Amino acid sequence: MKRTAIILLVIFAACIIHACTRATVKRPALSPDTSAAVAPQAAALVADNDPHSAARRLVEWLADTPVADRDFAMEFTREVYRLYSVSADSGSLEAFASTLEKAKDSLPMDKQVNVFVAVSSPSTLGQMLRNDPQADTIAALIIERYAADSASTASFLNAFHSR
């Protein structure tokens with residue numbers, strides 16, 4: 001009886017230690033070097049994370065990416081997506097894409113707009129937004145993001161207003 005109690009106590013302690021260490025280990029935020037090559041950094045994100053973690057980390061980074069880094073963000077995101085699309089694991093692209101969408105949708109609207117601006121050209125964004133039920137609200141936020149870039153603002157508005 002004493003031996004069984006000691007074994008159970010050890011197992012219980014091991015479970016607590018495992019749970020506590022898992023809860024406190026936090027991955028550092030994704031911070032690609034926008035002056036370095038995209039492909040190796042995208043490959044590292046894919047190799048070091050499961051598709052769900054990679055998607056969440058990517059969305060967190062995109063939500064805070066400055067408009068000035070838009071070209072890098074678009075190229076980086078496309079490369080990560082490409083790597084998942086050529087993966088031997090047929091479910092990885094679906095897991096990545098669905099988690100990406102859920103992570104984006106969980107953000108406040110202003111952060112979602114940052115993600116949109118980071119991964120889409122102004123004209124593509126304008127075309128996609130035309131039929132959105134929140135188009136006016138989102139468009140105002142997008143125009144605010146493009147404030148310092150009159151060419152991007154014009155491209156967005158032309159695509160948004162054309163039918």
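Reader: Why is the contact of E144 with R145 called a salt bridge?

Author: In this predicted model, the closest N and O atoms of E144 and R145 are 3.7 Å apart. The cut-off is 4 Å, between a side-chain nitrogen of Lys or Arg and a carboxyl oxygen of Asp or Glu. The value of 3.7 Å is within 4 Å, so the pair counts as a salt bridge.

Reader: Is E144 buried or exposed, and how do you know?

Author: E144 has 53% relative accessibility. Exposed means over 50%, so E144 is exposed.

Reader: What makes D64 and K111 a salt bridge?

Author: Their side chains meet at 2.4 Å, N to O, and that is within the 4 Å allowed, so the pair qualifies. This pair links distant parts of the chain, as D64 is in the loop between helix 3 and helix 4, K111 is in helix 6, and the two are 47 residues apart.

Reader: Why is D64 called exposed, and K111 partly exposed?

Author: D64 has a relative accessibility of 54%, which is over 50%, so D64 counts as exposed. K111 has 26%, which lies between 20% and 50%, so K111 is partly exposed.

Reader: How do you know that R82 and E79 form a salt bridge, and where do they lie?

Author: Their N to O distance is 2.9 Å, again within 4 Å, so the rule is met. Both residues lie in helix 4, three residues apart, or about one turn of the helix.

Reader: Which of the words buried, exposed and partly exposed fits E79, and which fits R82?

Author: E79 has a relative accessible area of 15%, which is under 20%, so E79 is buried. R82, with 39%, falls between the two cut-offs, so R82 is partly exposed.

Reader: How many salt bridges does the rule give?

Author: The count comes to six. E101, K104 and D105 are linked in a network of salt bridges.

Reader: Which residues lie nearest the centre of the largest pocket?

Author: They are L100, E101, K104, V115 and V119, from a lining of 15 residues. E101 and K104 thus appear both here and in the network. The volume of the largest pocket is about 250 Å³.

Reader: What makes up the lining of the largest pocket, by class and by helix?

Author: The lining has nine nonpolar, four polar and two charged residues. V115 is among the lining residues, and Val is on the nonpolar list, so V115 counts as nonpolar. Helix 5 gives the most to the lining, with four residues. Helices 3, 5, 6 and 7 each supply at least two.

Definitions and conventions: Residues are numbered from 1 along each chain as its sequence is written. This is a predicted model: local features need pLDDT of at least 70, side-chain atom pairs count only at pLDDT 80 or more; totals for chains, interfaces and linings use all residues. Side-chain values use heavy atoms; hydrogens and water are left out. On a 1 Å grid over the protein atoms alone, a cavity is a set of points where a 1.4 Å probe fits but cannot get out, and a pocket is an open set with protein on both sides within 12 Å along at least five of seven lines; lining residues have an atom within 4 Å of a point. Grid points are joined across faces, edges and corners, and a volume is the space filled by probe spheres set on the points. Buried means under 20% relative accessible area, exposed over 50%, partly exposed in between (1.4 Å probe, protein chains only).
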